Amino acid sequence: FDKIVAFEADPRSHALCAQRIAAWQPTAEAEATLDYRAVCDHSGHSAFIASGLLTARLIETPSFEHPEMAIVDTCALDDIHEGTFGWYAPAPQRLLIKLHIEGAELAALKGAEQIIRATHADILLNLSHDERSYLDIPEFLAGFGCYDIFLRSHSLFGEGLTLFARRRD
């Protein structure tokens with residue numbers, strides 16, 4: 001890949017990602033950009049638990065009380081595609097959309113529907129966050145009619161499932 005765009009809304013994790021990118025960027029052939037927003041199905045703001053851990057996530061109920069709750073900026077990939085990805089090109093580009101965003105994967109895919117349709121995007125994501133993801137995400141991607149979908153089990157903390165959707169064209 002010649003361009004990597006990463007998103008990290010959690011301030012502590014964002015700082016760590018920035019340090020790691022700075023360390024490998026001088027020897028990498030790819031241009032790397034780190035964005036501070038959370039990826040979901042809308043651009044705006046949402047409640048976010050900024051724990052600096054694997055539990056950091058967007059939450060749907062902002063009235064939920066948590067000591068590390070913050071309001072963060074959000075973006076849908078379709079809303080920022082031209083400026084961030086620059087994918088308006090004469091020939092379709094090959095993209096990899098990799099998501100591990102603690103349960104917001106379906107929302108992020110819905111917010112990237114134009115990119116998925118207009119490019120040759122392969123998709124790699126984690127399905128280990130809730131039962132609905134196991135059903136809704138494969139069904140959503142199958143609806144495009146152009147993906148072979150593979151599921152692979154993994155074990156980080158006892159259970160996990162990774163989905164790889166390989167575009168046929």
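A contact is counted here when heavy atoms lie within 4.5 Å. By that criterion, residues 24 or more positions apart supply 65% of the protein's contacts with a separation of 6 or more. The structure is a predicted model, in which local features need pLDDT of at least 70, side-chain atom pairs count only at pLDDT 80 or more, and totals for chains, interfaces and linings use all residues. Residues are numbered from 1 along each chain as its sequence is written, and side-chain values use heavy atoms, with hydrogens and water left out.

The fold comprises 5 helices and 10 strands (DSSP runs numbered from the N terminus: H or I of at least four residues, E of at least two). Of the 169 residues, 38% are buried (under 20% relative accessible area with a 1.4 Å probe, protein chains only; exposed is over 50%, partly exposed in between).

Turning to the interior, the largest nonpolar core (buried Ala, Val, Leu, Ile, Met, Phe, Trp, Tyr and Cys joined through side-chain atoms within 4.5 Å) holds 26 residues, and I137 and L109 are among those with the most contacts inside it. Elements giving two or more residues to this core include helix 5 (131-142), strand 8 (120-126) and strand 7. Leaving aside residues up to four places away in sequence, I137 touches E105, L106, L109, L125, L127, R132 and L163. A second, separate core of 6 residues includes A9, A38, A50 and A56.

Strand 7 (residues 94-99) is also the place of L96. L96 is partly exposed, its relative accessible area being 40%.
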